[in-house]
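Thanks for coming. I have one structure to go through today, and I will put it on the screen now.

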Amino acid sequence: AMSETDSSPLAIPPYHLLRRRSSFTTPSTQSSCIVFVDLEGYSRNTDVTQRHVTRDFMETLRNILTFAYGKLPDRECVDEYVILPTGDGAAVCVLKPP
């Protein structure tokens, strides 16, 4: 049996010395809430109306979340919530409640 202090060039270091060091932290359990919002009757509108409804809806949703969190959404930092447009609505994943 080889010891950890064996200086032989063919010595294999113990397992705990072979493990890679990672700069990533261990993931922790996190609760979240996903809200799905559907715009009723969306597909019955003309293309132009759909674009206006979608624009107004997303603007309203961003304004509500900005008011609730006290800051504008940041694409670089999604610590609190994520808005995923679905075409005729959106899915909002709330990672941290306001």
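Is Arg55 buried, exposed or partly exposed? Arg55 has a relative accessible area of 47%, so it counts as partly exposed. Before I go further, please keep in mind that this is a predicted model. I will come back to Arg55 with its salt bridge partner.

First, the general layout. The protein has 98 residues, and 17% of them count as buried. It contains 2 helices and 3 strands. Going along the sequence, the pattern reads α-β-α-β-β. The exposed surface comes to about 8,500 Å², and 56% of that is supplied by carbon and sulfur atoms. If you take the contacts with a separation of 6 or more, 46% of them are between residues 24 or more positions apart.

Now the sheet. It is open, built from 3 strands in the order 1-3-2, with antiparallel pairing. Strand 1, residues 33–38, and strand 2, residues 81–85, are at the edges. Each has a single partner strand, so one side of each is left without a neighbour in the sheet. From one strand to the next, the twist averages 15°. For background, strands of a sheet pair through backbone hydrogen bonds, and the pairing can be parallel or antiparallel.

How many bridges join strand 1 to strand 3? There are 6, and the two strands run antiparallel, with strand 3 covering residues 89–94. One position to look at is Asp38, which stands opposite Gly89 in strand 3. Helix 2, residues 47–69, packs on the sheet and touches strand 1, strand 2 and strand 3. The direction of helix 2 makes about 175° with that of strand 2.

Two residues are worth showing in this region. Leu39 sits in the loop between strand 1 and helix 2. Although it is in a loop, Leu39 is buried, at 17% relative accessible area. Leaving aside residues up to four places away in sequence, Leu39 touches Val53, Phe57, Asp88 and Gly89. You have already met Gly89 as the residue opposite Asp38. The C-alpha atoms of Leu39 and Thr54 are separated by 8.8 Å, with the two residues 15 apart along the chain.

The other residue is Gln50, which lies in helix 2. Is Gln50 buried or exposed? Its relative accessible area is 15%, and therefore Gln50 is buried. With residues up to four places away in sequence again left out, Gln50 touches Tyr42, Ser43 and Asn45.

On to the charged pairs. The structure holds 3 salt bridges. The pair I started with is Arg55 and Asp56, whose closest N and O atoms are 3.4 Å apart. Asp56 is partly exposed, with a relative accessible area of 39%, and Arg55, as I said, is partly exposed at 47%.

Another salt bridge joins Lys71 and Glu80, with the closest N and O atoms at 3.5 Å. Lys71 is partly exposed, with 42% relative accessible area. Glu80 is partly exposed as well, at 22%.

The remaining one is between Arg44 and Glu40, where the closest N and O atoms are 4.0 Å apart. Here Arg44 is exposed, with a relative accessible area of 68%. Glu40 counts as exposed too, at 71% relative accessibility.

Last item, the cysteines. How many disulfides does the count come to? The count comes to 0. Why is Cys33 not bonded to Cys93? The sulfur of Cys33 is 8.0 Å from the closest cysteine sulfur, which is in Cys93, and that is too far for a bond. A disulfide would need the two sulfur atoms within 2.5 Å. Seen from the other side, the closest cysteine sulfur to that of Cys93 is in Cys33. As for accessibility, Cys33 counts as partly exposed, at 41%, whereas Cys93 is buried, at 17%.

To sum up, we have an open antiparallel sheet in the order 1-3-2, with helix 2 packed on it. There are 3 salt bridges and 0 disulfides. That is all from me.

Definitions and conventions
Residues are numbered from 1 along each chain as its sequence is written. This is a predicted model: local features need pLDDT of at least 70, side-chain atom pairs count only at pLDDT 80 or more; totals for chains, interfaces and linings use all residues. Side-chain values use heavy atoms; hydrogens and water are left out. A salt bridge is a side-chain nitrogen of Lys or Arg within 4 Å of a carboxyl oxygen of Asp or Glu. Buried means under 20% relative accessible area, exposed over 50%, partly exposed in between (1.4 Å probe, protein chains only). Two strands pair if DSSP finds at least two bridges between them. Helices (H or I, at least four residues) and strands (E, at least two) are DSSP runs, numbered from the N terminus. Axes are lines fitted to C-alpha atoms, for helices over the stretch in contact, and angles run from 0 to 180 degrees between N-to-C directions. Contact means heavy atoms within 4.5 Å. Accessible areas come from the Shrake-Rupley method with a 1.4 Å probe; for residues, only the protein chains shown count as cover.
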